[in-house]
Amino acid sequence: MNTVIKDLDRIDLRILAALGDEGRMSWRDLSEAVGLSLTPTLRRVRRLEQDGYITGYGAELDEARFLGAISIFVSVTLDRQAKDALTAFEAEIVKIPQIVSCFMMTGGADYLLRVVVRDLEEYQALLTDTLTPIAGVAHIQSSFALKKIIERRKPSFRSLLPGRTTL
């Protein structure tokens, strides 16, 4: 069994899947969905929170309404990879609201950013006025997303149980 879930049983996975689908469901609806009475369900939810499997609850917001509908994946290479240069770059990019995710990478680039903007003019301004002036940036390569195929917001719990198709 996957070591990540060795301490979780089928009921725990049902709870996580149900809350992943609808984080605002009532405790009563959750207990019905997983087949337990209310008190044991709440006990399990609290344990899953304390153990860090549930890290919070929130609303999914329409990113396009706030930031725009154009996603750009931006590969950034720094002129050096010393700790102070990496830390300085990271401190600057967290201030930029159009950057919705950032990953430190191996391979050709040091970072991969996902940037969301309303139009090309906004991206050009962001690129020329904000990203390229960051100290230590040596190279930037942009790739525009044409179509979103899949974006999972939660893991597939069915894949965590070998040989099982239902939770």
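Strands β2 and β3 form a hairpin, with 6 residues between them. In the turn you will find Gly107, whose phi is positive at about 100 degrees. Keep in mind as you look that this is a predicted model. The two arms of the hairpin run antiparallel and are joined by 5 bridges. If you want landmarks along this pairing, Phe103 has Leu112 of β3 as its bridge partner, and Ser101 stands opposite Arg114 in β3.

From the hairpin, let us move out to the rest of the sheet. Strand β3 (residues 111-117) also pairs with strand β1 (residues 70-78), again in the antiparallel sense, through 7 bridges. Here Ile72 is a handy marker, since its bridge partner in β3 is Val115. On to β4 (residues 137-144): this strand and β1 run antiparallel and share 7 bridges. In that pairing, Leu78 has Val137 of β4 as its bridge partner.

Put together, the 4 strands make an open sheet in the order β2-β3-β1-β4, with antiparallel pairing. Which strands stand at the edges? They are β2 (99-104) and β4; each has a single partner strand, so one side of each is left without a neighbour in the sheet. From one strand to the next, the twist averages 20 degrees. Helix α6 (residues 120-131) packs on this sheet and touches β1, β2, β3 and β4. The direction of α6 makes about 170 degrees with that of β4. As general background for viewing such a sheet, side chains in a regular strand alternate between its two faces.

Now turn to the helices that come earlier in the chain, beginning with α1 (10-21). Helices α1 and α3 pack with their axes 10 Å apart, at an angle of about 80 degrees. An angle from 65 to 115 degrees counts as roughly perpendicular, and that is therefore the description that fits α1 and α3. On the α1 side the contact is made by Ile11, Asp12, Ile15, Leu16 and Leu19, and on the α3 side by Thr41, Arg44, Val45, Arg47 and Leu48. Sorted by class, this contact has 6 nonpolar, 1 polar and 3 charged residues.

Helix α3 (residues 38-50) has a meeting with α2 (residues 27-34) as well: their axes come within 9 Å and cross at roughly 95 degrees. This pair is therefore roughly perpendicular too. Trp27, Arg28, Leu30, Ser31 and Val34 of α2 meet Leu38, Thr41, Leu42, Val45 and Arg46 of α3. The class count for the contact of α2 with α3 is 6 nonpolar, 2 polar and 2 charged residues. Following α3 through both contacts, you will meet Thr41 and Val45 facing α1 and again facing α2.

Finally, have a look at the largest pocket, which has a volume of about 1100 Å³. It is lined by 40 residues, and those closest to its centre are Gly20, Glu60, Glu151, Arg153 and Lys154. Which elements each supply at least two residues of the lining? They are α1, α4 (63-66), β1 and β3. The largest share, 4 residues, comes from α1. By class, the lining divides into 21 nonpolar, 7 polar and 12 charged residues. The pocket thus brings together elements from both parts of the tour: helix α1, which packs with α3, and strands β1 and β3, which are joined to each other by 7 bridges.

Note on methods
Residues are numbered from 1 along each chain as its sequence is written. This is a predicted model: local features need pLDDT of at least 70, side-chain atom pairs count only at pLDDT 80 or more; totals for chains, interfaces and linings use all residues. Side-chain values use heavy atoms; hydrogens and water are left out. Axes are lines fitted to C-alpha atoms, for helices over the stretch in contact, and angles run from 0 to 180 degrees between N-to-C directions. Angles under 35 degrees count as roughly parallel, over 145 as roughly antiparallel, 65 to 115 as roughly perpendicular and the rest as oblique. Contact means heavy atoms within 4.5 Å. Ala, Val, Leu, Ile, Met, Phe, Trp, Tyr, Cys and Pro count as nonpolar, Asp, Glu, Lys and Arg as charged, and the others, Gly among them, as polar. Two strands pair if DSSP finds at least two bridges between them. On a 1 Å grid over the protein atoms alone, a cavity is a set of points where a 1.4 Å probe fits but cannot get out, and a pocket is an open set with protein on both sides within 12 Å along at least five of seven lines; lining residues have an atom within 4 Å of a point. Grid points are joined across faces, edges and corners, and a volume is the space filled by probe spheres set on the points.
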